[in-house]
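Please walk me through this model of a protein with DNA, one part at a time. I would like to see how the chain is divided and where the strands meet the protein.

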Amino acid sequence: MLHLLGAEGQNAISFDLELALYCLDPEKRWDLQSLCHNFQKPQTTLDPKEPGYHAVYLRIFKNVMAEIKQELKDKGLWNLYQDLELPLVTALAQMEAYGILVDPTKLTDISLELEGTMEKLTETIYAEAGEEFNINSPKQLGVILFDKLGLPVLKRTKTGPSTSAEVLEELSDHPIVASVLEYRQVAKLKSTYTDSLADLISPETKRIHSTFNQTVTATGRLSSTHPNLQNIPVRTKEGRRIREAFVAPEGHVLLMADYSQIELRLLAHLSGDPILTDAFRSGQDIHAQTAAEVFGLALDEVTDEERSAAKAINFGIIYGISSFGLAKGINLTRAQAQEYIDSYFLRYPMVKAYLDGLVELGKKEGYVQTLSGRRRYLPNLKSRNYALRSFAARTAMNTPIQGSAADIIKLAMLKVYQALKDAGLKTRMLLQVHDELVLETPLEELDVAARLVKREMEEVYPLDVPLKVGVSYGPNWRDVQSFDYKE
DNA sequence: TCATGGCGA
DNA sequence: TCACGTCGCCATGAT
């Protein structure tokens with residue numbers, strides 16, 4: 001459980017120290033020298049090769065830890081460290097050690113099929129281009145599309161015409177562009193998800209043992225590496241196939257439990273807005289409800305398109321909205337987007353006041369906070385540079401929501417971990433994907449485990465609105481059915 | 001090593 | 001006016 005900070009093999013600090021520093025300021029990066037400089041008086045110079053290094057190191061560690069403990073207490077962050085982040089280490093270690101079972105033949109099948117598709121698409125693209133080139137190279141692709149075929153340049157990057165998916169969508173009337181988009185999708189799946197995933201299956205356990213990084217993100221979320229199991233495709237049918245390779249062993253199933261709209265529920269709780277709060281208390285379709293409010297309709301008059309626009313608005317609110325960003329998201333003019341935003345804030349004045357208040361408070365105190373008290377320092381709220389200042393303002397609006405959701409699911413993980421242990425169950429937590437937990441459970445435990453997980457997650461932190469958890473299960477991560485706990 | 005592009009919540 | 005929704009990880013090509 002030793003983590004290295006700074007240069008590999010030297011200046012190592014213990015993980016509990018790293019964790020404590022992360023609780024103090026999730027964005028600050030320390031090394032041993034700066035620690036000594038800040039916390040050790042007088043400053044001590046250290047040479048790892050010198051005899052006695054470890055004794056000196058331990059003395060420094062002890063002194064530094066004592067000072068950091070005091071600082072955590074002064075800032076109201078001691079509980080975050082002591083009762084949340086530190087115990088979570090054990091649960092994460094178990095998840096990493098246990099791993100998730102992956103069926104390599106399934107990965108191979110998908111890989112071979114994707115390869116076939118790529119070859120066909122490559123032929124098609126070469127034929128339409130009239131020559132062979134590296135489709136993976138945006139530069140070479142640009143030459144073909146914009147110089148040779150004369151397609152219009154809709155957007156530029158620093159280095160040349162953009163060939164991003166967004167741009168190519170606009171140009172996809174041309175057959176070569178449609179093929180390139182499809183090629184990109186398939187190539188991405190193959191290189192990122194089938195081939196590299198297969199390399200990470202442990203020969204001993206036949207499982208993939210990802211690393212859950214606890215001190216990386218600015219908001220308090222976890223991140224996952226080697227591989228990143230938090231971005232396995234789900235949106236498209238083709239991409240979702242990857243999930244079929246993540247399986248449960250014989251006699252077991254995977255159990256998925258995800259928080260429904262946890263960030264919007266937090267927005268309701270934190271802002272105290274009555275319309276939003278009532279919507280969640282009465283179990284409304286929140287996006288349809290937002291559409292009804294923003295467009296002045298009755299709930300049953302809302303079309304799919306309006307609901308979808310309202311969904312984009314809701315996400316925009318969470319991210320620190322701008323009319324430009326919203327317009328880009330749902331293909332509106334900027335003016336229309338601004339009208340939607342104005343209309344939203346007219347109907348949800350407490351949300352407006354809450355978000356404005358966050359920016360004000362951030363400016364005054366120098367930081368914003370999550371439910372657990374975790375801080376994010378935002379000095380740029382006072383910047384004279386518009387770009388920096390507005391970025392900081394969006395961060396001030398997003399961090400308390402995203403970070404509080406992270407607090408809640410982390411606490412839920414502790415509860416679930418402990419409850420499974422207390423109940424003597426064989427069910428194991430495998431993954432956390434921001435608002436979702438993936439567990440592995442013996443079939444005979446499914447019913448009791450599903451109820452336990454749902455209860456612990458929903459009751460972990462009572463808010464002004466209920467937390468709702470959807471539970472599903474299946475033989476793999478793709479083919480799941482919802483678990484009806486009333487059965 | 002950086003830029004671009006793309007996958008997730 | 002500006003520049004343009006949050007947080008991540010990773011593959012690829014160009015430098």
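The paragraphs below take up the domains, one interface between domains, the two DNA strands and finally a loop.

The model is a predicted one. The domain assignment divides chain A into four parts: domain 1 covers residues 2-97, domain 2 covers 103-200, and domain 4 covers 264-401. Domain 3 is assigned in two segments, 237-262 and 407-482. In the numbering, domain 4 therefore falls between the two segments of domain 3, going by the bounds of the assignment.

Domain 1 and domain 4 touch each other, although their C-alpha centres are 37 Å apart. To this contact domain 1 contributes 11 residues and domain 4 contributes 6 residues. The size of an interface is often expressed as the accessible area that is lost when the parts come together. For domain 1 and domain 4 that buried area is about 760 Å², with 45% of it on carbon and sulfur atoms. On the domain 1 side, the residues that lose the most area to domain 4 are Glu27, Lys75 and Leu80, which together account for 47% of what that side buries.

Which polar interactions join these two domains? The count between domain 1 and domain 4 is 2 salt bridges. A salt bridge is also found between the side chains of Glu85 and Arg374, with an N to O distance of 2.7 Å. Across the interface of domain 1 and domain 4 there are 3 residue pairs in polar contact, with both residues of each pair at pLDDT 80 or more. On the side of domain 1 that touches domain 4, helices α1 (15-24) and α4 (78-98) each supply at least two residues. The largest share comes from α4, with 3 residues. Sorted by class, that side of domain 1 has 6 nonpolar, 1 polar and 4 charged residues.

The next part concerns DNA strand B. This strand is surrounded by 21 residues, and the closest are Ala165, Asn231, Val234, Arg235 and Asp435. Among the atoms of DNA strand B within 4 Å of the protein, 77% are sugar or phosphate atoms, and the rest belong to bases. Several contacts to phosphate run through the protein backbone. A backbone N or O atom of Ala165 is 2.8 Å from a phosphate oxygen of DNA strand B, and for Val234 the corresponding distance is 2.8 Å. Thr163 places a polar backbone atom 3.0 Å from a phosphate oxygen of this strand. Helix α8 (residues 175-199) gives the most to the surface near DNA strand B, with 3 residues. By class, this surface consists of 7 nonpolar, 8 polar and 6 charged residues.

DNA strand C is surrounded by 35 residues, and Ser137, Ala218, Gly316, Arg376 and Arg394 are the closest. For this strand, 67% of the atoms within 4 Å of the protein belong to sugar or phosphate, and the rest to bases. Which atoms of the strand do the two arginines approach? A polar side-chain atom of Arg376 lies 2.8 Å from a phosphate oxygen of DNA strand C, while a polar side-chain atom of Arg394 lies 2.8 Å from a sugar or linking oxygen. A base is also approached: a backbone N or O atom of Ala312 is 3.2 Å from a base nitrogen of DNA strand C.

The elements that each supply at least two residues of the surface near DNA strand C are α6 (138-148), α8, β6 (223-225), α13 (304-319), α14 (323-330) and α17 (386-422). Of these, α17 gives the most, with 5 residues. The residues of this surface divide into 9 nonpolar, 20 polar and 6 charged.

Strand β6 also leads to the last feature. The loop between β6 and α9 (237-240) contains Pro227, and His226 lies in that loop as well. The peptide bond from His226 to Pro227 is cis, with omega near -5°. His226 is not a glycine, yet its phi is positive, at about 50°.

Terms used
Residues are numbered from 1 along each chain as its sequence is written. Chains are lettered from A and ligands numbered from 1 in the order in which they are written. This is a predicted model: local features need pLDDT of at least 70, side-chain atom pairs count only at pLDDT 80 or more; totals for chains, interfaces and linings use all residues. Side-chain values use heavy atoms; hydrogens and water are left out. A residue is near a molecule or strand if one of its heavy atoms lies within 4 Å of it. A polar contact is a pair of N or O atoms within 3.5 Å; within protein, one must be able to donate a hydrogen and the other to accept it, and residues adjacent in sequence count only if both atoms are side-chain atoms. Helices (H or I, at least four residues) and strands (E, at least two) are DSSP runs, numbered from the N terminus. Ala, Val, Leu, Ile, Met, Phe, Trp, Tyr, Cys and Pro count as nonpolar, Asp, Glu, Lys and Arg as charged, and the others, Gly among them, as polar. Contact means heavy atoms within 4.5 Å. Buried area is the accessible area (1.4 Å probe) that two parts lose on being put together, summed over both. A salt bridge is a side-chain nitrogen of Lys or Arg within 4 Å of a carboxyl oxygen of Asp or Glu.
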